[in-house]
There are 2 protein chains.
Amino acid sequence: MTRVAILGTGLIGTSIALALRERGKSDVEIVGHDKYVDVARKAQQRGALHQVAHTAAEAVRGSDLVILAVPPLAIEKLMAEIASALGPDTVVTDTGSTKAEVLRWAASLLPYPEHFVGGHPMAGKTTFGPDAAEPGLFDGARYVIVPAVNSSERAVTTVVNLAETVGAKPMYMDAAEHDSYAAAISHMPMMAAVALFSMERASEAWPELSAMAAGGFRDMTRLSGTDPAMAFDIAVTNRQNISHWLERFASTLLDLRDRINDVDNEGDLYKLLAATEFEHTGFRNGIVGREEKVGADLSEVGAFSFSDFLAGGWVSEKLREVTKDSESRLKALEEHDRNRRNV
Amino acid sequence: MTRVAILGTGLIGTSIALALRERGKSDVEIVGHDKYVDVARKAQQRGALHQVAHTAAEAVRGSDLVILAVPPLAIEKLMAEIASALGPDTVVTDTGSTKAEVLRWAASLLPYPEHFVGGHPMAGKTTFGPDAAEPGLFDGARYVIVPAVNSSERAVTTVVNLAETVGAKPMYMDAAEHDSYAAAISHMPMMAAVALFSMERASEAWPELSAMAAGGFRDMTRLSGTDPAMAFDIAVTNRQNISHWLERFASTLLDLRDRINDVDNEGDLYKLLAATEFEHTGFRNGIVGREEKVGADLSEVGAFSFSDFLAGGWVSEKLREVTKDSESRLKALEEHDRNRRNV
């Protein structure tokens, strides 16, 4: 009999529990705890848990694996809370979105830090709580595994097994790498969605803007619906990396503005748009990572490079057109501006 | 018998045609033309068109309504091409994403500019072409109607009827208003998606980043899959407005960075995140526009203000926690930095 304790039975914790019950060994017993007892009860009603424990320590006692599935800042508190209840063989992992701080806390708070391995399943939703949980949430997603320098092999193996059992693909990284990459691909985009939505919402024209908003704006701002407690914890535990990427994004926006206004080189703007659409098509069709680049089925996007793409059909035609028309458009615009000034 | 000519049988033109055939009067004949004859044939095979015309002028001749469903820059060319074939009663409209230039072209190129009324259905997809078309594409979407100062009442009524027949809600605006609002809610977000995707794609760490990317990043960058010809035309016909909003967005990102780094006022960051999530929930549940604000069913989001929201349950608890913990976290971080410097 293996006993697994899940602390925090929100979207991630409950989804892990559901996946373990559906796909794991039959002799696993899952004990859950949440600081809101009705949240834990709901997870139990969904069939995720065998038992609900009244305290985190009670859930941990006698468990082989402890999963801390709470927002980053709550991880520190939970570690302090369970420290005295942990046995010498219990493996501990977390699912937090940032890792450097978590590993620092584990080293200083846990009695057997060698049995701690950080984890971050790269899946989520903006809906949260046990009701939003699904056993297939992690299917095909990466599960970043972040061992400490002194992590035991057994602890690493246990967490890798957990990742694979829930349907994810394990991927090793150190904490600094993880936090920098996660800032780029997840935390900064979330903050950018918050910035975009709050900026538009604050506009005088919001009644008109919101009425005109179509699927594109909805998609771009969906992440601003992230649980604010989670977003806050991510922000304060990964400040430097998020700041770095927010700055890079801001300056990329200004570069694009310059390119849009560079009326003498409209062909360059078109090439950028076409190259981005081309690369995005590859990404959308699963050309990601390193290994996949070699083995991916390229049939859908065509096994050719962007320069082949530029040389062929529609794109080169549009490019010729852009270059040819650019001069006359420039002239017309100048004339229009002149006329306007004369009025 | 009413004859409608659709010039450009891509996603929008074909979707309009399908909606007109499914929902319009039975005595409507739809003639289509596309500069790529196979694109028009595909639209016909999908049941969107009664006839395919070989030239734009041929499609227009004898038509009661002409719909120019091509990217902005192509509208100018089409107007010049069809001018001599237009009868004195034919109403002309377009579906272009920008309107000031289009109205300027109509005034100078069309023989009866009083029968032109600009239009912009606020719906779309990043997949394009007649295969992606659907009769329900415009259901519930706004359809911006942009009359010129001298537009005839009959022309306006005709285009409003068109909008309603395809399932959309008409919304009047002048061209300058439209272009400024469309830049804010549609064009700039599209360009921001291009900037975000191309920036991440250009990173050395793209193999890792792309593997780690989850649904959030996919949503945020979906618009970078927009047809580059369309994106280009939008950029060059709405340069000033897009530039303005790109700058505002860039500075909003830097403001947010400052807020994330303001370690003495973490409560403010939390309030911003919570307020944004709250407002976004309202938006997601259909609280948009002016009229809807009054009439909307608030049951799902709760009919209370954000300050009520802050005062209640989870949010205020987290806020208390944030404020309480902030100081100790600050101390811990300083200590950590000091230790690091001493190493």
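Here are four short exercises with worked solutions on this predicted model.

**Exercise 1. Work out how the strands of chain B are ordered in the sheet, and which strands stand at the edges.**

Solution. Start with the order: the eight strands of chain B run E3-E2-E1-E4-E5-E6-E7-E8 in an open sheet, and their pairing is mixed. Now look at the two ends of that order. E3(B), residues 51-52, and E8(B) each have a single partner strand, so one side of each is left without a neighbour in the sheet. Next, zoom in on one pair. E4(B), residues 65-68, and E5(B), residues 91-94, pair in the parallel sense over four bridges. In that pair, Ile67(B) stands opposite Thr93(B). Finally, add a helix: H1(B), residues 11-23, packs on the sheet and touches E1, E2, E4 and E6 of chain B. The direction of H1(B) makes about 165° with that of E2(B).

**Exercise 2. Find which helix links E7(B) to E8(B), and give the handedness of the unit they make.**

Solution. First, check the strands. E7(B) covers residues 142-147, E8(B) covers residues 169-172, and four bridges join the two in parallel. You can spot Ile145(B) opposite Tyr172(B) in E8(B). Then bring in H6(B), residues 153-165: together with E7(B) and E8(B), this helix makes a right-handed β-α-β unit.

**Exercise 3. Work out how the two chains are related.**

Solution. Try laying chain B on chain A. A turn of 180° with a shift of 0.0 Å along the axis does it, and the RMSD is 0.0 Å. The two copies are thus related as by a two-fold rotation axis.

**Exercise 4. Describe the side of chain B that touches chain A: how many residues are in contact, which helix gives the most, and what classes are found?**

Solution. Begin with the counts: 85 residues of chain B are in contact with 86 residues of chain A. Who supplies them? Among the elements that each give at least two residues to this side of chain B are E7, H8 (206-212), H11 (239-261) and H15 (313-342). H7(B) gives the most, with 18 residues. Sorted by class, this side of chain B has 51 nonpolar, 17 polar and 17 charged residues. One last step: do the copies use the same surface or different ones? Well, 99% of the interface residues of chain B are also interface residues in chain A, so the copies meet through the same surface.

Methods:
Residues numbered from 1 in each chain as written. Chains lettered and ligands numbered in written order. Predicted model: local features only at pLDDT ≥ 70, side-chain atom pairs only at ≥ 80, totals over all residues. Pairing = 2+ DSSP bridges. Right-handed = clockwise from strand over helix to strand, strands pointing away. Least-squares fit on C-alpha atoms with pLDDT ≥ 70 in both. Contact = placed C-beta atoms within 7 Å. Nonpolar A, V, L, I, M, F, W, Y, C, P; charged D, E, K, R; others polar. Axes fitted to C-alpha atoms, helices over the stretch in contact; angles between N-to-C directions.
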